[in-house]
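This report looks at selected helices and one loop residue in a two-part selection from the structure shown below.

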Amino acid sequence: MLSVVVFLPVVVALGLAALPATSAPRRYTVPWVVTGLVQLALVAIMWLRLPAGGYGFVEQVAWIPSAGISYHLGVDGLSLPLVAMTVVVFTAAAVYSLREDRRPKSYVVLFLALQTVSVGVFVALDLILFFLFFDLSIVFMYFVIAGWGHGSRARSAALTFFLYTFLGSLALLLGFILIYLAATPHTFDIPALAAQNPLAAGGPAAGAALLAVGLGLAVKTPLVPFHTWLPPAHTEAPAAGSAVLAGVLLKMGTYGFVRIAMPLLPASWRQFAGVVVVLGVVSVVYGAMVALAQTDLKRMIAYTSVNHMGYVLLGVGAAGLVADSDAQARQLATTGAVTQMVSHGLITGALFLLAGALHDRGRTYDMGAYGGLAARTPRFAGLFAVAAFASLGLPGFSGFIAEFQIFTGALGATPVATAIAVTGILITAGLFLVALSRMLLGELRHPDAPGTPRPFPDLRARELAAIVPLLLLATLIGLLPRTLLDTIEPASRVLNELVAR
Amino acid sequence: MVMMNEDPTTLVPELALLAGAVLAVLVGVWTPRRRQGRVRVLALLAVGVALVATGIAATKPPSTTFDTYVLDTTTHAVRAIVLVAVALILWWSRDAVAAHPRESEFTALVLLGGLGAVLMAGAGDLLLLFAAFLLASVPLYALAGWAKTGATTEAALKYYLSGAFAGVTMLAGTTLLYGAAGTTGYEALAEGLATGAAAPAAVALVAVLAGLAFKAGAVPAHFWVPDVTDGTPPAVAAVLTTIPKIGALAAVWRLLLAVPEAIVPWPLLVAVIAAISMTLGNLAAFAQTSVLRLLAYSTVSQVGYVLVIIAVAARTPQAQPALLFYLAAYALTNVGAFAVVAAHPARTIDEFQGLGRRRPLLAIALVVCLLGLVGTPPTAVFVGKLTAFTAAFDGGMAWLAVLAAVNTVASLFYYLRWIAPVFRAQAQEPPEDTGESRTARSGAVTAAALSVVLGVAAGLVLPLFTTS
């Protein structure tokens with residue numbers, strides 16, 4: 001079943017590849033949307049049948065037995081919400097792209113391939129399988145940015161993205177090999193390694209492994225100072241690409257921390273949890289401050305991603321400070337971190353699609369070029385306001401649930417760091433309010449450059465159908481968090497037991 | 001103790017290659033030019049017979065035949081890799097060599113070069129190794145000059161002169177090693193060296209390695225690689241940068257395992273050569289605009305990765321499967337990359353602009369091969385690199401693994417420089433599509449597909465390489 005969920009998009013992509021390239025865009029985009037909906041239905045069934053403990057829907061087939069590699073898939077409370085979020089974001093991107101007319105065939109085929117590897121990362125229970133999906137996500141994203149990016153700088157942005165994240169992924173691979181060699185018998189299997197805990201004693205080997213794995217994940221997350229690839233990549237990518245990049249691909253980094261770094265290297269994680277916390281807080285504050293200074297809407301959203309991923313790191317770092325906090329607080333922090341990943345995926349996905357809709361109308365992301373849009377385009381203004389409030393962590397939205405849990409969980413262990421991180425919320429609140437007042441209020445102003453469509457229309461049905469569900473889900477999680485938290489909590493309890501042993 | 005015998009039937013793969021080459025010349029002489037296709041069919045049949053014989057031989061326990069030729073997993077694997085590579089190149093080069101005045105010579109020379117490469121890998125005696133070295137060199141000198149245009153003549157001369165120099169050095173090394181050890185057979189080498197002086201042995205070993213490094217295109221004997229690759233047709237370049245390399249690297253492996261680390265500290269030497277090869281190859285590839293020169297430097301860096309495995313050969317049991325798998329993966333991917341070049345008249349990176357529109361399948365094959373050379377999963381070279389890094393860590397050369405990883409990222413840069421324009425829209429349509437080769441195109445797609453299949457099916461292949 002899990003394999004079907006993972007590989008369905010690729011199978012559809014292979015079918016679409018047989019169609020002639022001159023077909024109408026809808027012949028490609030409609031099947032993409034349908035694929036997403038089918039996947040969503042399958043994920044919903046899995047959610048209902050998820051076992052209370054351990055991994056569900058496990059599939060294990062020997063792949064390269066002599067090297068301890070197997071094709072091992074499974075979901076638990078940490079990964080299933082992310083899988084669901086991934087499919088939702090991709091489906092929204094598909095709906096948004098229904099009318100994509102620039103080489104629609106390659107576009108849809110690439111995104112379907114990306115969809116497979118993105119789901120694959122979250123369900124892989126073998127380090128090499130994880131790496132395979134992780135690496136391929138970079139390759140496919142490179143082609144999305146280079147092929148459908150906005151400007152002439154798209155290619156250099158794509159190259160920066162590829163080189164940077166590829167360096168990270170190779171560091172990751174070296175870390176995996178260190179863990180593999182420490183285990184007896186040698187294996188890349190994540191549950192087996194977690195049970196065996198080969199590097200329980202800590203020491204330089206474990207430290208080196210954590211450094212390599214942490215570096216690889218930090219580039220992908222991205223944490224300051226490894227974030228420099230993110231703003232150009234986001235700015236140049238097409239709207240659906242940005243939504244997927246921020247919504248899904250960044251989570252691969254943070255998910256790697258909870259799936260690999262914490263359970264497989266618990267001793268080193270406890271030892272260096274303080275460093276993780278500091279990195280998280282630096283990302284929170286730095287991301288927020290730089291976002292405040294942006295005039296380009298997409299760059300601003302990109303930097304808030306750095307800020308939001310910082311909260312996740314604060315949460316998982318606090319979970320490693322075993323000596324200073326009780327089990328309940330650590331569990332709260334971990335659950336909050338996972339919730340934050342889901343929440344950020346939904347909200348940032350919506351924000352980037354909104355930014356894309358704005359670009360379609362005004363051909364620029366410069367916030368100074370817009371003003372008074374609330375009167376002209378009420379639907380856009382309303383949704384943008386909702387997304388902005390959700391993103392800054394207003395109660396009633398998913399972001400609040402996530403950040404509240406992270407702060408509560410981390411406060412006991414690291415009061416100072418948490419206090420500093422809270423200022424990040426204040427800054428993001430400020431920057432979103434500034435952006436709202438600049439673009440939505442005041443005198444009506446929109447770009448009048450040659451080539452822009454004359455009437456500045458409001459969001460169309462297609463755009464609404466892509467963006468509204470994302471925000472609706474974020475609100476639902478904010479109002480009724482139990483459904484999500486009941487799934488995450490058992491898994492985060494297990495995770496914390498693994499870290500604390 | 002391995003079995004000894006003098007049974008000629010153990011050499012059927014080699015004899016088939018030899019017979020194929022001889023028949024290719026004879027039949028070629030008596031065949032009209034436009035019917036020369038039958039020569040290629042004959043050669044492919046010979047390769048097929050050799051492959052089947054290899055498959056049968058691989059089921060038997062390891063043995064030594066005629067006292068000097070070792071039949072073990074390494075030999076069988078190299079036979080299979082070389083034969084598959086030869087068959088692929090002979091097939092996809094059809095359009096390039098068909099109706100050429102020296103078509104049958106091409107076939108014969110490729111078969112002889114393949115025979116030399118296989119013999120190098122199996123040689124268990126220094127004298128046989130040198131004979132095999134010559135057999136892998138002389139036909140390939142001729143092959144380098146096969147097209148007989150201005151650039152190929154220069155390439156052939158350069159290849160020949162470097163080869164002659166390397167050969168003399170190697171022969172001197174062989175003599176000296178014989179003097180130091182009192183034997184030329186690998187099995188008695190360790191014992192002989194233990195009683196002799198260490199210093200001459202070290203000098204001798206370096207000299208022999210110099211010859212093999214020339215064949216493998218490793219630093220510091222790599223100077224011929226870019227000029228020869230750029231100066232010869234892609235089909236010839238594919239042969240020269242793939243087939244002798246495989247044999248030479250396997251020969252280095254076999255020779256070094258016979259020399260005790262305690263007498264000559266070769267792991268460090270090989271590690272340094274590996275480090276320089278991959279770094280220098282990558283750095284030199286950065287600025288290239290000719291795709292053939294770019295591929296040439298990329299092969300130099302690939303040899304570096306293989307040498308990483310050889311550096312830890314004696315220290316970890318994981319080295320042997322890693323080496324053989326890497327060689328197989330490299331052969332397929334490299335042959336595929338050269339097939340892409342052969343399929344298309346473009347020779348500079350800029351000329352590849354817009355290929356993605358006109359020839360989408362060829363463009364995908366190019367991307368698979370180039371990303372394969374980088375080592376992106378699930379291609380075969382990824383598994384090769386994974387096993388190589390693992391072996392390096394396990395063999396206590398973590399620094400080499402880290403350096404190899406850094407180099408991998410660096411190599412991504414120039415491969416992407418080539419990939420990026422392929423999918424860029426072209427300013428104007430090309431004048432005409434002359435010079436495209438259909439067989440090379442299908443060859444490229446086949447090789448790319450095989451490299452992915454080998455990567456995915458690594459679980460089935462690796463155990464075959466593990467048993468000694």
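The text below treats an annotated span, two helices and a loop proline in a predicted model.

In chain B, an unreviewed UniProt entry annotates residues 123-409 as "domain: NADH:quinone oxidoreductase/Mrp antiporter transmembrane". That span of chain B is 78% helix and 0% strand, and its end C-alpha atoms lie 36 Å apart.

Two helices of chain B are set side by side here.

| Helix of chain B | Residues | Buried residues |
|---|---|---|
| Helix 10 | 224-231 | six of eight |
| Helix 16 | 360-374 | 12 of 15 |

Helix 10 of chain B is mostly covered. Its buried residues are W224(B), V225(B), P226(B), V228(B), T229(B) and G231(B). The cover over these buried residues includes helix 6 (126-144), helix 7 (150-181), helix 11 (234-258) and helix 13 (291-311) of chain B.

Helix 16 of chain B has 12 of its 15 residues buried and is therefore largely enclosed by the rest of the structure. Among the buried residues are L362(B), A363(B), C369(B), G372(B) and V374(B). At 1.5 Å a residue, the 15 residues of helix 16 of chain B should span 21 Å, which agrees with the 21 Å between its end C-alpha atoms. G375(B) follows helix 16 of chain B and has a positive phi, near 105°.

In chain A, P238(A) sits in the loop between helix 9 (230-236) and helix 10 (239-264). Is P238(A) buried or exposed? P238(A) counts as buried because it has 24 C-beta neighbours inside 10 Å, the cut-off being 20 or more. Leaving aside residues up to four places away in sequence, P238(A) touches W148(A) and G149(A). The C-alpha atoms of P238(A) and F352(A) are 9.4 Å apart in space, with their positions 114 residues apart in sequence.

Conventions: Residues are numbered from 1 along each chain as its sequence is written. Chains are lettered from A and ligands numbered from 1 in the order in which they are written. This is a predicted model: local features need pLDDT of at least 70, side-chain atom pairs count only at pLDDT 80 or more; totals for chains, interfaces and linings use all residues. UniProt positions are given in the numbering used here, feature names are shortened, and annotations may be inferred rather than shown by experiment. Helices (H or I, at least four residues) and strands (E, at least two) are DSSP runs, numbered from the N terminus. Two residues are in contact if their C-beta atoms, placed from the backbone, lie within 7 Å. The expected span of a helix is 1.5 Å times one less than its number of residues.
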